[in-house]
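Grab a coffee and work through these short exercises with the model open beside you. Try each task before you read its solution.

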Amino acid sequence: MIGGLFIYNHKGEVLISRVYRDDIGRNAVDAFRVNVIHARQQVRSPVTNIARTSFFHVKRSNIWLAAVTKQNVNAAMVFEFLYKMCDVMTAYFGKISEENIKNNFVLIYELLDEILDFGYPQNSETGALKTFITQQGIKSQHHTKEEQSQITSQVTGQIGWRREGIKYRRNELFLDVLESVNLLMSPQGQVLSAHVSGRVVMKSYLSGMPECKFGMNDKIVIDKQGKGGTTDDSGKSELGGSGKQSIAIDDCTFHQCVRLSKFDSERSISFIPPDGDYELMRYRTTKDIILPFRVIPLVREVGRTKLEVKVVIKSNFKPSLLAQKIEVRIPTPLNTSGVQVICMKGKAKYKASENAIVWKIKRMAGMKESQISAEIELLPTNDKKKWARPPISMNFEVPFAPSGLKVRYLKVFESKLNYSDHDVIKWVRYIGRSGIYETRC
Amino acid sequence: MTFLYLGHNCATLGEIFELKAELNSDKKEKKKEAVKKVIASMTVGKDVSALFPDVVNCMQTDNLELKKLVYLYLMNYAKSQPDMAIMAVNTFVKDCEDPNPLIRALAVRTMGCIRVDKITEYLCEPLRKCLKDEDPYVRKTAAVCVAKLHDINAQLVEDQGFLDTLKDLISDSNPMVVANAVAALSEIAESHPNSNLLDLNPQTINKLLTALNECTEWGQIFILDCLANYMPRDDRESQSICERVTPRLSHANSAVVLSAVKVLMKFMEMLPKDLDYYGTLLKKLAPPLVTLLSAEAELQYVALRNINLIVQKRPEILKHEMKVFFVKYNDPIYVKLEKLDIMIRLASQANIAQVLAELKEYATEVDVDFVRKAVRAIGRCAIKVEQSAERCVSTLLDLIQTKVNYVVQEAIVVIKDIFRKYPNKYESVIATLCENLDSLDEPEARAAMIWIVGEYAERIDNADELLESFLEGFHDESTQVQLQLLTAIVKLFLKKPTETQELVQQVLSLATQDSDNPDLRDRGYIYWRLLSTDPVAAKEVVLAEKPLISEETDLIEPTLLEELICHIGTLASVYHKPPSAFVEGSRGVQHKRLPARAGSGESAESPDVGHSGPSEAPPAVIPSQGDLLGDLLNLDLAPPTVTVPSVQPSMQMGAMDLLGGGLDSLVCSSRALGGDIGGSPSMGAGLGAAPAAMPASLGSAPTVGGGLGDLFDLGGGVGMPTGSYVAPKTVWLLAMKAKGLEISGTFARRGGIIQMDLSLTNKAMSVMTDFAIQFNRNSFGLAPAGPMQVLTPLSPNQTIDVSLPLSMSGPVMKMEPLNNLQVAVKNNIDVFYFSCQYPLSLLFVEDGKMDRQVFLATWKDIPNDNEAQFQIKDIHLNSGNRNKYVLDRVLQNYSKKTNVFRDCMQKQMYDSTSVDSLVHDSLLLKGSYDAILKIIIWCNRIC
């Protein structure tokens, strides 16, 4: 299991050091600093073995978090734990920075004591932790016996992510379908790979211990329900350019509140939600993706000192919808000496420090087209190596789900309290963003 | 929050004094701030142990936060101040009784972390209570505490009966208690490999599976990892567990998913392949594995390392998912390299066009390692997918045109392999390669280029010039290049003997006279003599047809792969090494292995039975690279046509001997047992086996100072018995190194026939057939006199004993050591190489009587300077005499040497009886057999 956990600043100074196992000596802290943080070349692996001691590290801005062990631990678990540790810290004191860590080091030690025991991760749900790690030490003494046992049963219990007795005057929930669409396209416009990775993020303000049921246009479910289900939906399809009623989900993963065995057997998503913000599910689709934009590059080398670049972007969704925050990034060679850009829409600038032309458009409606052309002057070099031509990348945000996913229902049942599904105010929003959206040129 | 974070430049004496004062302050707030400062200093590595008593004084507080800080301090310094740590015991014990479960748990958790004997003693009672506490939070903490205590004092844990209490917790009503108990028990069980601590039976498994649905994500990992060690009784149980584990594949936590994959991969082994469920399960595995690739980079890396294993074990799972492994521009380098590896493994005729297009794209990237690997990958594709070879070659040529130095070098290395795989197909590109000769500065690329020039010397007009240019800086080259250059020039000479005589002379003298490298010298001498004695033979040897290379070379060896599959998700799967390779001590050293498929009758076997290591020292395994292998590769593996059936599957060795060697082996065993050499001759004679018999008495062995005459006298003695000493079988080839085939064996001489007794054991999962054996050229021309007869297929875990008659008619090459024998064994899976050593006595013939005149004449033929005399001391023969042996020796012409030596052996010009009995006797006396061998080898070496 995890033998110790260290946090360093960018210089390699130790900010936090907690050793859980006797086989980890004091020199382990230094070994990591010398061999990884101060190593001259780029990090070649997130797992490093130094003198039969293994170090796992992740970086958050310029802070290094390293877990160390001498055993054959579950490596996936160690990384999941490190990410979780970051989440917990963020939930307690915001951004992970040297400043924040120094100011909260007592809290961090307290957390580390609680969420890792002898190197075994324990309950790390912020909701549960916040009930008893409060930074107000004295307060815990004032808990009544009932409160104490409530805390412990939440920390160890089946529903570790929610406490009893939550009350809201207005029962409300917000559902965000956030998708990032990823594309790799050849210069000829052939889709080399495309997938959508989506998340369903919820904010729930519900009283009691509500039982929720979430439904979407999952092909397997729709097909199972037969015609009744599909006709119901067909009238409502209104998003994007898609007319399809159901989508094939390649794979999905759920927050630990979802009953996985029920999903496996009936494909129904039922759960008791945590209070507040959380991510209900993640999913991935690869079939019938709506690619919101098409990038058509044209690069011509004129002699050895000049490049002509023309890039056309076409929006491919309903004309009534608006895409926002569009940004096209056209890489330029390292020996660029000057750039002249002409674009019909938006603003374009050559950024020498980033070796790219950045073209920004605030808004663009569906089924439109826009173009940029640039002349790039090059310095003559004797570098034999050809310019690698990195792909043209794009960023945008569209108000629909490129996968075609639609929320069919989210039902709330709370038998003990007197509010029904109809009383809950529900909001649904779809946002499609670019993930890695690249076209080779 | 207002306190100072202490930098690195503090904890001076003054500072400590100041802190001391603050710690002893009456004000609670001030105290707390002081403790915080102490912890801050501790973090940056300052020694604040001097404050121990002052900090411990702050322990008695109702402020939980302060208490936790003091505990943190205690955990750090208690070990260095054991006497003072006792001061804390009372508080701990008291806290363990506190009404607040959080405080009870905190106390027991902290006590377990203090590795001081006296504190440990006091821990037992509170721990016992906490294990049965009414609050689940306390119980789950106590469960882990048992593991802590076990780490400090294992005996104490056993004596106090904590293990049984821990086992009871597996049935606890709270899922987290169950999970922690499982984690603790698994850890303890790991350090007691043979204990039945984690007594997994269908009932406990059922409890674990129930808890799996309810506990935290971490608990699910503990439980799944524990489940993976279970061995289901039959395929039905295996299926039902799989059914209950599959829902975990949808968990958001990647570690839960990977651990579930591990359980499924393992238990799938037991399911019959025709079962519908088997197919369903295979389909269910792909999507979650692909989803892992959308996780954070570090997890992607772990996932990719595991997918690499899974793809090797079950390629069908991900065969349609090639695209997801395409490299993204922004992937960290470690993710890129791993993806590339998997792309090659998944490459097939169906997707090769796409793959090649990608690889070409990657070859223009920035990172040198990545580009190199991409170029190499193109070569591997050519070898793997025959249809694509042409396209690969043209892609490589395009890359060579870029003139990027490392791309060119890498391309040339892989083109060499392509030539090996498809001889006489792509030689048209040689001209392009030759253009880049000057830019090659890496040994591997230079060696590859030289190989190409040598191999195709007849088609390259200026091959001699090219090679000559390399020769100029011969001594500055690395060994790899030197060896390759030597061979290439010899090849050139054999192809164009007229123009290149000078060149070959030059390289031979450079290699043999001016080099300090024994490998190079040896190879030089071999070529030299080969060329000077028999150019035709030289041609046959040097220009022999080479066997084709296959794409399997980079696969992980199957036994290791199986073990790694059992470690999916763990560090072992990241390093691709068994845990024993990087974990110290006893932990994790057990080998895990996959269960056997239902029906093979092995399913009941427990998983932790490791592969039994060989009891004797393993034989020298031929290194996988270098010239040795090259020489072996030149061998033709087709078995000779003589048939000598001699196989009895699963026979005991004794019985085997009887059949193989006749009655005379009885003599051998009785001799070995009785240890009475004097008595044996009569027995041998009595049995009438062959011409056998020992010297009438060892007393007649040469006496001190007897000189040559004495030696000769022995000729009048009787020959040795045919069944001489047979060494017990030793393991020559480890299953780990030979995809599951284990070979042990020994040599014997029975009825005048040399025999190699082999035991072949199948430790792999599949049936082995089509065995064949071949020897490399060796010092005495040992060669199989017939094919190895393995008549029935060798099913898993079966052993077959084979006796292989050997002749001495094979090709001769001096080996180092002299009695070294390199063997290649082929079966339906692969070809394996190993080397073993035979006792020289094996070669001594029984009827070595020689006419006195002939002997003396032969003796005189040998120049005097080849004669050496020495005394063997401290060897006591039966008679107790100290004998002087004149172990002569022979010969002027090195290349003829071994033949003559062999002749001498057969004519018993050597006093073989004496040597053999000497050898034998020293064995009985537990003298050094090795030493004797060395003497013989030495006397041969002076030839």
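**Exercise 1.** Is A:Thr332 buried or exposed? Work out where it sits and what surrounds it.

*Solution.* Keep in mind that this is a predicted model.
- Step 1: A:Thr332 has a relative accessible area of 3%. Buried means under 20%, so A:Thr332 is buried.
- Step 2: Now place it in the chain. A:Thr332 belongs to the loop between strand 16 (322-331) and strand 17 (336-343) of chain A.
- Step 3: Look for company beyond four places in sequence. There, A:Thr332 touches A:Tyr350, A:Asn355, A:Ala356, A:Ile357, A:Ile376 and A:Trp387.
- Step 4: Check one distance. A:Ala352 is 20 residues away along the chain, yet its C-alpha atom is 8.7 Å from that of A:Thr332.

**Exercise 2.** Which strand of chain A gives the most to the positive patch?

*Solution.*
- Step 1: List the members: A:Lys347, A:Lys349, A:Lys360, A:Lys362 and A:Arg363 form this positively charged surface patch.
- Step 2: Strand 18 (347-351) and strand 19 (356-365) each bring at least two of its residues.
- Step 3: Strand 19 wins, with three residues.
- Step 4: Take one member from the other strand. A:Lys347 is in strand 18 of chain A, and it counts as exposed because its relative accessibility is 68%, where the cut-off is over 50%.

**Exercise 3.** Which residues form the negative surface patch?

*Solution.*
- Step 1: Over on chain B, the patch consists of B:Glu465, B:Glu468, B:Glu472 and B:Glu502.
- Step 2: Zoom in on B:Glu465, which is part of helix 26 (residues 463-471) of chain B.
- Step 3: B:Glu465 has 53% relative accessibility, so it counts as exposed.

Terms used: Residues are numbered from 1 along each chain as its sequence is written. Chains are lettered from A and ligands numbered from 1 in the order in which they are written. This is a predicted model: local features need pLDDT of at least 70, side-chain atom pairs count only at pLDDT 80 or more; totals for chains, interfaces and linings use all residues. Side-chain values use heavy atoms; hydrogens and water are left out. Patches are made of residues with over 30% relative accessible area and no salt bridge: like charges are joined within 9 Å, nonpolar side chains (Val, Leu, Ile, Met, Phe, Trp, Tyr) within 5 Å. Accessible areas come from the Shrake-Rupley method with a 1.4 Å probe; for residues, only the protein chains shown count as cover. A salt bridge is a side-chain nitrogen of Lys or Arg within 4 Å of a carboxyl oxygen of Asp or Glu. Lys and Arg count as positive and Asp and Glu as negative; His and the chain ends are not counted. The place of a charge is taken as NZ of Lys, CZ of Arg, CG of Asp or CD of Glu. Helices (H or I, at least four residues) and strands (E, at least two) are DSSP runs, numbered from the N terminus. Buried means under 20% relative accessible area, exposed over 50%, partly exposed in between (1.4 Å probe, protein chains only). Contact means heavy atoms within 4.5 Å.
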